[in-house]
Amino acid sequence: MMKIWNVKAVSLVLAAAVVTVSGSVAGPVAQAAGEQVEVWISTSDPNTEPAVGLSPSARLSRIANKNFTTAGDTADYTITVNEGTTYQQMDGFGVSLTDSSAWLLNYKLDANKRAEVMEKLFGQSGIGLSVLRQPLGSSDFAWSAYTYADTANDTALNNFTIGRDQAYIIPMVKAALAKNPSIKVFASPWSAPAWMKYSNTLNGGKLKAEHYGTYANYFKKYIQAYQGQGIPIYAVTVQNEPLYEPTHYPSMGMNTQDEIGFIGDYLGPTLRSAGINTKIIAFDHNFLDWNFPNTVITNLKNAGKGQYVSGSAFHHYDSGDGSQMTSLHNAHPDKDVWFTEGGFGNWNDPQNGTSQGFDNMMNEFINITRNWSKSIILWNAALDQKDGPSLIGDNNSNKGMITIQNSDNRNDAPENQVTYKKQYYLLGHFSKFVVPGAYRIASNTGSEIKDVAFRNPDGSKVVVAYNSSASARKVKIQWGSQNFTVTIPGKSAMTYKWYGTAS
């Protein structure tokens, strides 16, 4: 039975016609008081949309502006925004153009549809994604397992080549950069070449001690080769998920001593002697093992090699809530923290029509940014309707940010059928409004109304709020001596953006 919202309860925020995701405000308006506020909404339950007047799917839709006032008003909850306290500076929000994603974008969309999708992902009229995390070689989401140096015992790396990436991965990265030239590209390996490992296979095993130097040169050649394609590499992580060694797709184990030795004695000196300033990031694995990067960073500092490591990276595939990143920041406030992979699938985004996946995403995105992370990078930008192509096989339950129809995996005919998933709209509540260089600023958050606030380089302020309760809540946003009130429907997200100086 259709669920009907109390229209009166939400009329304050839904009084105007919806504007599509491409809507935009003209620019900063200098005012002494009464600043105008953009309001954008996503609701979790599509059954509420007819009752509250929103268009179908009501995702990242612009509704009536609000205005700050000095008048008092009652509210269920008050969010106080304080620009005087700042935290991390943001690198941005993004996805991974994996082999699978790039192949679908390149071959299953014609030129016009591809341009439309790239604009919606990376363009100013879309959600403006500003970060990419690219597999350094193949990952689990690829047509085949490969590295850039698959010629056995080629210790001089004479046969190193990024040719495998040039057919469609590099063109898609370039297409993203054409839409947003300031994109920062992170790179992460799933495995060293098989011949460099004790296991002599890409799937599992550890790097041979005698090939640490060779592998450092492998990183150097990769960065130089991509730079030669016009794609600067902002940062590399040493190993994707170093504590996980599946045997059905490329992987490699590294413990803390492995990373300490590789970063301090090989990778750091190799890159710096080549004049490469790409950041080196430790760990790149789940929240609960924050002592791993703590050990790596501490030992490198103690050895006088702390300059080689810029910080640590985290994923969310465990029961951690992101507070582990704050623990690491507190231990090493001079080093940065990034969230480099978040995946959504059947385990945390069920397809049964409940709000659970919506709730999970919004809670995580807010928690991640409130715990010192400079980025949120989601996993596959695109997968097909079978959640592939993938080396994982039939047990894969990952979902892409978008779904691209792919009736015959090897039929190159474009199909041009694209579905945008919750990931797209909910990450867009951040990426469309919070630009690289923004600082997180102070705001209080609660058990029902969760939020995070930012100040962009142009002085604009952004608050992302989520009502995690099932009922509408009236919320006051307090900024200096001014405030505005807004009613957030149950299980709904809102973004507020404004300019001006707090009075």
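The legends below describe close-up views of a predicted model.

**Figure 1. Overview of the predicted chain and its secondary structure.** The protein, a predicted model, contains 12 helices and 24 strands. Of its 503 residues, 59% are buried. Among the contacts with a separation of 6 or more, 73% are accounted for by residues that lie 24 or more positions apart in the chain.

**Figure 2. The open sheet of 9 strands and the helices that pack on it.** The strands follow the order E2-E1-E24-E21-E20-E19-E3-E22-E23, and their pairing is mixed. Strand E2 (61–67) and strand E23 (482–488) are the edge strands, each of them pairing on one side only. On average, and with direction ignored, neighbouring strands of this sheet are turned by 30° against each other. Helix H11 packs on the sheet, where it touches E1, E3, strand E19 (439–443), strand E20 (449–455), strand E21 (461–467) and strand E24 (492–498), and the direction of H11 makes about 45° with that of E20. Helix H12 (residues 422–431) also packs on the sheet, touching E1, E20, E21 and E24, with a direction that makes about 160° with that of E1. At the E2 edge, strand E1 (residues 36–43) pairs with E2 in the antiparallel sense over 5 bridges, and Gln36 stands opposite Asn67 in E2.

**Figure 3. The hairpin of E22 and E23.** Strand E22 (residues 473–479) pairs with E23 in the antiparallel sense over 7 bridges, and Lys474 has Thr487 in E23 as its bridge partner. The two strands, E22 and E23, form a hairpin with 2 residues between them, and Gly480 in the turn has a positive phi of about 60°. In a regular strand the side chains alternate between the two faces of the sheet. In E23, Gln482, Phe484, Val486 and Ile488 point one way, whereas Asn483, Thr485 and Thr487 point the other way, and all of these residues are buried. Although E23 is an edge strand of the sheet, E23 is mostly covered, with 7 of its 7 residues buried.

**Figure 4. Tyr87 between an aromatic partner and a charged one.** A search of the whole structure finds 38 aromatic pairs. In one of them, the rings of Tyr87 and Trp372 have their centres 5.5 Å apart and their planes at 80°, and the pair is edge-to-face because this angle is over 60 degrees. The pair links distant parts of the chain, since Tyr87 belongs to strand E3 (residues 77–89) and Trp372 to the loop between helix H11 (356–370) and strand E14 (373–380), 285 residues apart. The ring of Tyr87 also has the charged end of Arg440 sitting over it, 3.9 Å from the ring centre. With a relative accessible area of 27%, Tyr87 is partly exposed.

**Figure 5. A tilted pair formed by Phe287 and Phe339.** The rings of Phe287 and Phe339 have their centres 5.9 Å apart and their planes at 35°, so the pair is tilted. This pair too links distant parts of the chain, with Phe287 in the loop between strand E10 (279–286) and helix H9 (291–302), Phe339 in strand E12 (residues 336–342), and their positions 52 residues apart in sequence. Both Phe287 and Phe339 are buried.

**Figure 6. An aromatic cluster and the surroundings of Thr237.** Ring pairs link Tyr146, Tyr148, Phe160, Tyr212, Tyr215, Tyr218, Phe219, Tyr222, Tyr226, Phe262 and Tyr266 into a cluster. One of these cluster members, Phe219, is in contact with Thr237, which, leaving aside its neighbours within four places in sequence, also contacts Ala187, Ser188, Pro189, Ile281, Asp284 and Ala313. Thr237 is found in strand E8 (residues 235–237) and is buried, with a relative accessible area of 1%.

**Figure 7. Lys206 and Lys184, two lysines with side-chain partners.** Lys206 has its place in strand E7 (residues 203–206) and is partly exposed, with a relative accessible area of 31%. A polar contact of 2.8 Å joins the side chains of Lys206 and Asp258. Leaving aside neighbours within four places in sequence, the residues in contact with Lys206 include Met196, Tyr198, Met252 and Asn255. Lys206 and Pro242, which are 36 residues apart in sequence, lie 9.6 Å apart in space, C-alpha to C-alpha. For Lys184, the charged end sits over the ring of Tyr234, 5.4 Å from the centre of that ring.

Terms used: Residues are numbered from 1 along each chain as its sequence is written. This is a predicted model: local features need pLDDT of at least 70, side-chain atom pairs count only at pLDDT 80 or more; totals for chains, interfaces and linings use all residues. Side-chain values use heavy atoms; hydrogens and water are left out. Helices (H or I, at least four residues) and strands (E, at least two) are DSSP runs, numbered from the N terminus. Buried means under 20% relative accessible area, exposed over 50%, partly exposed in between (1.4 Å probe, protein chains only). Contact means heavy atoms within 4.5 Å. Rings of Phe, Tyr and Trp (its six-membered ring) pair if their centres lie within 6.5 Å; planes under 30 degrees apart count as stacked, over 60 as edge-to-face and the rest as tilted. A charge sits over a ring if NZ of Lys or CZ of Arg is within 6 Å of the ring centre and within 35 degrees of the ring normal. Two strands pair if DSSP finds at least two bridges between them. Axes are lines fitted to C-alpha atoms, for helices over the stretch in contact, and angles run from 0 to 180 degrees between N-to-C directions. A polar contact is a pair of N or O atoms within 3.5 Å; within protein, one must be able to donate a hydrogen and the other to accept it, and residues adjacent in sequence count only if both atoms are side-chain atoms.
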